[in-house]
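Welcome, and thanks for taking a look at this one. Below is a short tour for someone meeting the structure for the first time.

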Amino acid sequence: MAQKKKFLYLNRKAPHGTIYALESLEVVLIGAAFEQDVSLAFLDDGVFQLMAGQDTTAAGMKNFSRTFKALGDYDVRKFYVERESLAERGLTVEDLMPITYEDENEDYAEKPSIHLVGRAELAAIIADQDVVLSF
Amino acid sequence: MQLAIVVNEGPYTHQASDTAYHFTKAALEKGHGITRVFFYHDGVNNGTRLTVPPQDDRNLQKLWSELGEKHGLDMVVCIAAAQRRGILDADEARRHGKDASNIAAGFRISGLGQLIEAGIEADRLVVFGD
C-alpha cells in the first residue's frame, strides 16, 4: 500500500454492557493487516476497558480484555490513556493491565504500550491524525 | 473532495443515520465524491429491507437505497456486525442455514477491511454515531 496514514481509535465506552468496545477491537485487529500508523486512545468510561482483573463470568459475556495484551504483536503499540478520565473515576494507572510490546530495534526489550496523557495533550494527538474512528 | 462515511447507529433510535444521510446527500449535491458508506455497529440495521415504519414517518432504509441507486454509492454493511444482528444476504443465509435473507437494495455485505480501506483512500472519513 503506497499511502501510510495515522489511524486513531477513540474508545469512550465501558467494555461490557454495550458492544462498542468489542466491535472497536475487531476493527483494530482487522486494521492491523493494513500496516498503517495505529494509535488507540482511552477516555471517558473507555478507560475501564483496560482494567486489570476483569471477570465477566457472572454477566455471561465474552471477556475480550486479554486481547489488548496481544496487540503489541500486531504492531499496535501506542495506547494513550487520558489522565483526567482515570482520576474522575477514582482510578490510577496501577488499576490497569500491564500492556507491553517487544521492541525489535532494542533486542526485543519489553516496553510499556500505555502512555498517560493529559486532556490537552490528547486533543493535540487527535488533531495530528489522518483518520479518527470514534467508538 | 472524496469523503468516506461511517454510520454507527441504527435508524430511529438515534439521529446518527438521519444526519449521515442528509450529510451525504448535501455533499453529493455540492459535487463531492463519496468513496464509500460503511455501516457498522447497529448501523447495519439501516440495511434491512424488512423495516416498515409508519406511513407518516421517513423510511430511512428506502432513503439510503434511493440515494445509493441515484449516485451509484458503494454502501457496505459489516459482515460480522450484520450477522450478530440478523442482517443477511442470500449467500450468507444459505451458508448459515437460515430460511430468509433481508439485505436491502443497494447495500452489500463485506468485511471490516472495507472500512480501513475507505479511511486510507478518502480525503476525509466522517463518523456518525452516538
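The notes that follow take the sheet of each chain in turn, then the contact between the chains, then the salt bridges.

Please keep in mind that this is a predicted model. Chain A has an open sheet of 5 strands with parallel pairing, and chain B also has an open sheet of 5 strands, paired in parallel. The two chains touch each other, burying about 1700 Å² between them.

**The sheet of chain A**

- Reading across the sheet of chain A, the strand order is S6-S3-S2-S1-S7.
- Strand S6 (114-117) and strand S7 (131-134) of chain A form the edges, and each of them pairs on one side only.
- Between neighbouring strands of this sheet the average turn is 25°, with direction ignored.
- To see one pairing up close, look at strand S3 (residues 79-82) of chain A, which runs parallel to S6(A) and is joined to it by 4 bridges.
- Within that pairing, Tyr80(A) has His115(A) in S6(A) as its bridge partner.
- Helix H1 (residues 20-31) of chain A lies across three strands of chain A, namely strand S1 (6-11), strand S2 (37-42) and S7, and it runs at about 160° to S1(A).

**The sheet of chain B**

- In chain B the strands come in the order S4-S3-S2-S1-S5.
- Strand S4 (107-110) and S5 of chain B each have a single partner strand, so one side of each is left without a neighbour in the sheet.
- From one strand to the next, the twist in this sheet averages 25°.
- Strand S3 (residues 75-78) of chain B pairs with S4(B) over 4 bridges, in the parallel sense.
- Here Met75(B) stands opposite Phe107(B) in S4(B).
- Helix H1 (residues 16-29) of chain B lies across strand S1 (2-7), strand S2 (33-39) and S5 of chain B, at about 165° to S1(B).

**Where the two chains meet**

- The size of an interface is often given as the accessible area lost when the parts come together.
- For chain B and chain A, that area is about 1700 Å², with 62% of it on carbon and sulfur atoms.
- Which three residues supply more of the area that chain B buries against chain A than any other three? They are Arg84(B), Ile116(B) and Ile120(B), which supply 36% of it.
- Chain B brings 20 residues to the contact, and chain A brings 22 residues.
- Across the interface there are 9 residue pairs in polar contact.
- On the side of chain B that touches chain A, helix H3 (79-84), H5 and strand S5 (124-128) of chain B each supply at least two residues.
- H5(B) gives the most to that side, with 6 residues.
- Sorted by class, the side of chain B that touches chain A has 11 nonpolar, 4 polar and 5 charged residues.
- Helix H5 (residues 113-121) of chain B lies across S1 and S7 of chain A, running at about 125° to S1(A).

**Salt bridges**

- Side chains of opposite charge can pair when their charged atoms come close.
- Over all chains, the whole structure holds 24 salt bridges.
- Between chain B and chain A the count is 3 salt bridges.
- In one salt bridge, the side chains of Glu26(A) and Arg84(B) meet at 2.8 Å, N to O.
- Inside chain A, Arg12(A) forms a salt bridge with Asp44(A), and their closest N and O atoms are 2.8 Å apart.
- That pair links distant parts of the chain, 32 residues apart: Arg12(A) sits in the loop between S1 and H1 of chain A, and Asp44(A) in the loop between S2 and helix H2 (66-70) of chain A.

Conventions:
Residues are numbered from 1 along each chain as its sequence is written. Chains are lettered from A and ligands numbered from 1 in the order in which they are written. This is a predicted model: local features need pLDDT of at least 70, side-chain atom pairs count only at pLDDT 80 or more; totals for chains, interfaces and linings use all residues. Side-chain values use heavy atoms; hydrogens and water are left out. Two strands pair if DSSP finds at least two bridges between them. Axes are lines fitted to C-alpha atoms, for helices over the stretch in contact, and angles run from 0 to 180 degrees between N-to-C directions. Contact means heavy atoms within 4.5 Å. Buried area is the accessible area (1.4 Å probe) that two parts lose on being put together, summed over both. A salt bridge is a side-chain nitrogen of Lys or Arg within 4 Å of a carboxyl oxygen of Asp or Glu. A polar contact is a pair of N or O atoms within 3.5 Å; within protein, one must be able to donate a hydrogen and the other to accept it, and residues adjacent in sequence count only if both atoms are side-chain atoms. Ala, Val, Leu, Ile, Met, Phe, Trp, Tyr, Cys and Pro count as nonpolar, Asp, Glu, Lys and Arg as charged, and the others, Gly among them, as polar.
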